[in-house]
Amino acid sequence: MNRLVITPRHLHTIGRIASMTYPEECCGVLVGRPQGDSTIVERILTVQNERQESRHNRYLISPETVLAAQKEARALGLDIVGYFHSHPDHPARPSEFDREHAWPGYSYLIVSVQNKKVMEARSWRLSDDRERFDEEAIDQAAGAPIPGYLPMGVHREAV
Amino acid sequence: MAVTIHIPTPLRRFTGAHGEVRADGMTVGEALRDLVRQHPAIERHLYADDGSLRSFVNLFLNDEDVRHLQRGDTPLSSGDTLMIVPSIAGGAGAALEGKAEEVAAEELTPAEIRHYSRHLIMPEIGPDGQKRLKAAKVLMVGAGGLGSPLGLYLAAAGVGTLGIVDFDVVDESNLHRQVLYGAQDVGRPKLHAAIERLRGVNPHIRLVPHEMRLDSGNALDLCAGYDIVVDGTDNFPTRYLVNDACVLLGKPNVFGSIFRFEGQVSIFWGARGPCYRCLFPEPPPPGLVPSCAEGGVLGVLPGIIGSLQANEVIKLIAGVGDPLIGRLLLFDALKMKFRELKLRKDPGCPVCSEHPTQTGLIDYNQFCGIPQEQARVEDDFEMSVTDLKRWMDEGRDFKILDVRTPQEHQIAHLPGTRLIPLQELPGRLGELDPADTLVVHCHHGGRSAQAVELLRRKGFAKSINLAGGIHAWSEEIDPSVPRY
């Protein structure tokens with residue numbers, strides 16, 4: 001099973017963006033490097049949802065933006081390793097639409113948001129035969145926890 | 001021409017870890033085919049099953065998007081560089097989420113392709129959207145004013161399975177707005193006439209009649225068989241039943257309501273936004289909100305509101321546009337204005353919140369605004385039209401008070417009646433004598449029951465409600481009195 005290694009701080013930032021963008025979907029790019037079965041996220045790039053309509057349940061990152069992100073990643077000696085987006089009022093599971101628009105080899109991190117509240121974050125990889133998404137573990141252990149930042153998947157009330 | 005194709009990192013597994021592949025071709029399309037010939041495993045990630053390039057795969061020729069050139073036919077020169085770049089898309093999905101296999105299994109026949117051609121040529125619908133429509137199952141609750149345009153447009157648009165719930169019979173007073181029916185249908189069950197008409201509109205779809213009154217015992221089972229429920233009802237008990245059943249089943253409820261010159265539209269979908277109970281936790285007290293039969297309705301209004309509902313249903317199925325979730329659209333036909341209210345999910349909502357207090361359905365029929373069932377009264381509170389006829393024949397001493405509107409009075413009235421509209425009654429009590437025996441009537445008996453309650457509280461002890469109103473009088477005593 002693959003692992004997505006990401007710092008609590010990066011996860012927290014993605015959660016904040018998802019919450020601020022609610023009820024529309026947010027999206028962005030995960031930049032990092034592969035290491036064995038793991039994908040290490042080193043940077044996150046937030047980008048505009050380029051959809052003009054249906055922004056509550058659709059997102060789009062244009063090829064020009066992907067190219068620009070790739071350039072930025074390369075300049076850091078890194079690569080695009082995946083993408084994140086939010087599912088407002090919807091579970092953090094990939095939709096059929098997500099599956100049709102994905103490539104294997106990337107991590108697809110999905111954050112579920114309800115009423116601006118981040119419910120959970122899960123990460124997925126498309127199978128090579130494009131038939132299904134397999135969940136990968138999110139490893140927040142790399143990088144020391146930062147005081148004040150909430151680990152994803154933990155309700156605010158519970159902390 | 002020999003060109004270099006840059007392979008994005010995640011796809012390099014399918015090109016033997018090569019980041020660059022040399023390929024031959026006169027055009028972009030040919031070079032890409034050569035790449036696939038060399039590395040067949042990459043094909044399914046670039047091309048869809050029908051052989052077209054996947055919608056999110058983009059090609060850049062020397063940093064220029066080929067969509068701005070000649071796409072696949074863009075000619076190549078030796079030494080060109082071709083880059084494969086994804087656009088990244090996705091999202092939470094549409095109403096038919098989880099039915100991917102059924103959608104994929106649908107095929108459009110040549111006759112269907114001809115029927116739906118104006119849908120098919122729009123990229124937002126296209127063959128995929130039309131197959132989604134074909135796979136979709138939509139339940140229409142009510143085949144009346146709203147149900148008429150809903151049925152016509154949903155059938156015409158190719159919703160594959162259209163269920164219709166109704167138990168009523170076509171009445172002449174329906175014809176000014178219920179355009180599913182014609183004068184020849186008066187007296188027929190609506191369901192029979194509707195199915196016949198819709199079959200003519202589109203022979204390619206499945207029409208499922210449900211001749212029943214929706215209640216707490218059948219609503220869940222019925223709605224469970226459908227993807228989307230459309231509320232075209234005219235009364236509160238059914239409206240709350242539809243809402244609650246949809247919330248409990250996680251299905252979208254495309255809501256519409258009309259009264260006189262005003263209409264409302266929204267999508268109540270507990271899983272994705274507020275529900276009807278977030279807006280109105282409980283039904284209004286009986287009699288507060290009149291029905292169309294009592295208040296009247298502009299004939300064209302349900303045509304407008306029902307069409308808007310049909311529009312939202314089709315968008316939900318196709319997964320396009322911005323659905324009316326969390327928004328209540330208000331329409332005023334006299335001012336010709338649309339307004340939009342933002343709706344929020346009520347964290348304390350009894351059915352759709354995280355901690356619901358109501359986990360089943362409630363029948364409100366007993367006390368919720370349907371005239372015949374409204375009054376739970378003592379024996380002398382009301383009398384029948386037969387009693388009234390007997391009183392008249394016996395020459396008894398009594399007066400008749402009509403509490404309808406002047407327009408209704410003008411359409412039809414009983415001889416020797418006095419008109420005081422219900423709304424004006426509290427201010428005009430002085431015109432009445434508490435010593436008189438007062439028979440109070442309206443159209444069906446609902447408003448007059450309220451009038452009698454008021455009169456008795458104010459000391460008019462001998463006031464009596466005429467059950468069934470002037471409508472019953474016309475049906476049972478004097479057919480020459482027009483029914484409306």
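1. Strand β15 of chain B (residues 382–383) runs parallel to β19(B) and is joined to β19(B) by 2 bridges, where two strands are said to pair if DSSP finds at least two bridges between them. Within this pairing, B:E382 stands opposite B:N465 of β19(B). Helices (H or I, at least four residues) and strands (E, at least two) are DSSP runs, numbered from the N terminus.

2. A word on the basis of this note: the model is predicted, with local features requiring pLDDT of at least 70 and side-chain atom pairs counted only at pLDDT 80 or more, while totals for chains, interfaces and linings use all residues. Residues are numbered from 1 along each chain as its sequence is written, and chains are lettered from A and ligands numbered from 1 in the order in which they are written.

3. β19(B) also pairs with β18(B), again in the parallel sense, over 3 bridges, and B:L438 has B:S463 as its bridge partner in β19(B). Between these two strands the chain passes through α17(B), and the resulting β-α-β crossover is right-handed, a term that applies if, with the strands pointing away from the viewer, the path from the first strand over the helix to the second runs clockwise.

4. Both faces of β19(B) are covered, since B:S463 and B:N465 on one side, and B:I464 and B:L466 on the other, are all buried. Here a residue is buried if 20 or more other C-beta atoms lie within 10 Å of its own, exposed if 12 or fewer, and partly exposed in between, with C-beta atoms placed from the backbone. Helix α18 of chain B (residues 469–476) has buried residues as well, namely B:G469, B:I470, B:H471, B:A472 and B:W473, and these pack against α15 (385–394), β18 (438–441), α17 (446–457) and β19 (463–466) of chain B.

5. The largest nonpolar core holds 71 residues, of which B:V138, B:M140, B:V230 and B:V313 touch the most other members; such a core is a set of buried Ala, Val, Leu, Ile, Met, Phe, Trp, Tyr and Cys residues joined through C-beta atoms within 7 Å. Helix α13 of chain B (residues 301–318) gives the most to this core, with 9 residues. Apart from it lies another core, of 62 residues, and among them are A:V29, A:V81, B:L76 and B:V85.

6. The contact between the chains takes 34 residues from chain A and 29 residues from chain B, two residues being in contact if their C-beta atoms, placed from the backbone, lie within 7 Å. On the side of chain A that touches chain B, the largest share, 6 residues, comes from β5(A). In addition, β4(A) runs antiparallel to strand β6 of chain B (residues 88–90) and is joined to β6(B) by 3 bridges, with A:I61 standing opposite B:I88.

7. Chain A itself has 3 helices and 8 strands, and 46% of its 159 residues count as buried.

8. Finally, B:L175 lies in the loop between β8 (161–165) and α8 (190–201) of chain B, and B:L175 is partly exposed because 15 other C-beta atoms are within 10 Å. Leaving aside neighbours within four places in sequence, B:L175 is in contact with B:Y181 and B:A183. The C-alpha atoms of B:L175 and B:G299 are separated by 8.7 Å, although these residues are 124 residues apart along the chain.
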